[in-house]
Amino acid sequence: MTAKIVTFGISKGGCSKSISSGITSYLLSKNEKVLTVDMDGQGNLTSFLTSEYDICNVFEKKTVLEAILDGDARKYIIKISENLDLIPANDFLATLPRMMYENGLGLDALQKALEPVMEDYDWIIIDTPPALSEHTVMPLSTYSKAGSYAVVMFDGSMFAYYAIPKFLEIIEGAKERFNPNLETAGILFSLIDARAKENEIMEESVDEDYPGVRFKTIIKRKAATRRLAITGFDENPELKNALEYYIPFVKELKKRVKQEQPQKNDKKAERHANIL
Ligand SMILES: Nc1ncnc2c1ncn2[C@@H]1O[C@H](COP(=O)(O)OP(=O)(O)OP(=O)(O)O)[C@@H](O)[C@H]1O
Ligand SMILES: [Mg+2]
């Protein structure tokens, strides 16, 4: 097996990137092997999956930052459940650009760190911060011969609406420069308030701007989903309710990823990987 890579992102904060990447990882790990990577120094995905909030101390020098600097992720992978592993992050990830500069690392550094484990997983799911920085560009630049995908998170707000084309531009840039296999899996509406009148207009606008790109599933705002960060996945009596919208999303994601044909670029992609 070779892992398919899925990166969740948007430069607008609070669009549910961390919750969505965490729940997606959890659901995929029911049947397949998943490595989830936290590329945000806030460490929200790390806390969500480990229930550990003292991330600076608990994960001191055991994070994705050290994995990137070592050029090998293996030592930094922690087990969450049978099929789900995590590479955590903490606040020191803010130093990534300086460390890259000091160590002469390029945007392919995450690719190099993940290469030794690429065959160990079916999926590598990556959470990114609300910024179009190295933390976001690196995951998008990470090549896999099984395919590399971006999920664009959208919370239905005007601010996020104007962040979409910027993120799509970053995706295009990463595809052209580093990762010819990269595809946009789709735009995912999330945190949608069922009562907000503007939802339909936003859906129409996105469909008009980016025909066929939006996921049909819409993740509605739900208290049970928010409470997952407190209650966790195990022995949670409201788990089914909390995951209600994510189950069809993950089905749709798998279908879209299967339909994509990254092989069409394989020769070019292999050449890129060899150059990196
Ligand atoms: N479907 C949902 N229903 C209710 N609350 C949600 C849902 N999804 C996420 N939330 C809550 O919304 C907030 C933002 O979610 P999250 O932290 O995942 O966003 P983010 O895009 O990762 O934020 P950041 O840009 O800061 O990294 C969190 O408090 C989270 O618990
Ligand atoms: Mg986040």
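**Ligand site, sheet and two buried residues**

Ligand 1 is surrounded by 17 residues, and the closest are Gly 14, Lys 17, Ser 18, Ile 19 and Lys 222. The model is predicted, and every distance and area below is computed from it. Backbone atoms supply several of the polar contacts to the ligand. A polar backbone atom of Gly 14 is 2.9 Å from an oxygen atom of ligand 1. For Cys 15, a backbone N or O atom lies 2.9 Å from an oxygen atom of the ligand, and a backbone N or O atom of Ser 18 likewise lies 2.9 Å from a ligand oxygen. On its own, ligand 1 has 630 Å² of accessible area, and the protein covers 82% of that.

The next element to trace is the sheet. It is open and has eight strands, in the order β3-β4-β2-β5-β1-β6-β7-β8, with mixed pairing. At its edges are β3 (78-81) and β8 (214-220), each of which pairs on one side only. From one strand to the next, the twist averages 25°.

Strand β1 is a useful place to enter the sheet. In the strand order, β1 stands between β5 and β6. Strand β1 covers residues 4-9 and runs parallel to β6, residues 148-154, with five bridges joining the two. Along this pairing, Ile 5 has Ser 148 of β6 as its bridge partner, while Thr 7 stands opposite Ala 150. On the other flank, five bridges join β1 to β5 (residues 123-127), and these strands also run parallel. There, Phe 8 stands opposite Asp 127. How much of β1 is covered? Five of its six residues are buried, so that the strand is mostly covered by the definition of burial, under 20% relative accessible area.

Two helices can be placed against this part of the sheet. Helix α8 (residues 158-177) packs on the sheet and touches β1, β6 and β7 (182-192). The direction of α8 makes about 170° with that of β6. Helix α9, residues 199-209, lies across β6, β7 and β8 and runs at about 170° to β7.

Helix α12 (residues 246-259) contains Val 257. Is Val 257 buried or exposed? Val 257 counts as buried because its relative accessible area is 3%, and the cut-off for burial is under 20%. Setting aside residues up to four places away in sequence, Val 257 touches Lys 4, Trp 123 and Tyr 149. These contacts can be placed on the strands already described: Lys 4 falls within β1 and Tyr 149 within β6, and Trp 123 falls within β5. Val 257 is also 233 residues from Thr 24 in sequence, with a C-alpha to C-alpha distance of 14 Å in space.

The last residue to look at is His 135, in helix α7 (residues 134-140). His 135 is buried, because its relative accessible area is 9% and burial means under 20%. Which groups make polar contacts with the side chain of His 135? A polar atom of that side chain lies 2.8 Å from the backbone oxygen of Leu 93. A second polar contact, of 2.9 Å, joins the side chain of His 135 to the side chain of Ser 133. Apart from neighbours within four places in sequence, the residues in contact with His 135 are Met 39, Leu 93, Ala 94, Leu 96, Pro 97, Thr 128 and Pro 129. Leu 93 therefore appears both in the polar contact and in the list of contacts around the buried His 135.

Technical notes. Residues are numbered from 1 along each chain as its sequence is written. Chains are lettered from A and ligands numbered from 1 in the order in which they are written. This is a predicted model: local features need pLDDT of at least 70, side-chain atom pairs count only at pLDDT 80 or more; totals for chains, interfaces and linings use all residues. Side-chain values use heavy atoms; hydrogens and water are left out. Two strands pair if DSSP finds at least two bridges between them. Helices (H or I, at least four residues) and strands (E, at least two) are DSSP runs, numbered from the N terminus. Axes are lines fitted to C-alpha atoms, for helices over the stretch in contact, and angles run from 0 to 180 degrees between N-to-C directions. Contact means heavy atoms within 4.5 Å. A residue is near a molecule or strand if one of its heavy atoms lies within 4 Å of it. A polar contact is a pair of N or O atoms within 3.5 Å; within protein, one must be able to donate a hydrogen and the other to accept it, and residues adjacent in sequence count only if both atoms are side-chain atoms. Accessible areas come from the Shrake-Rupley method with a 1.4 Å probe; for residues, only the protein chains shown count as cover. Buried means under 20% relative accessible area, exposed over 50%, partly exposed in between (1.4 Å probe, protein chains only).
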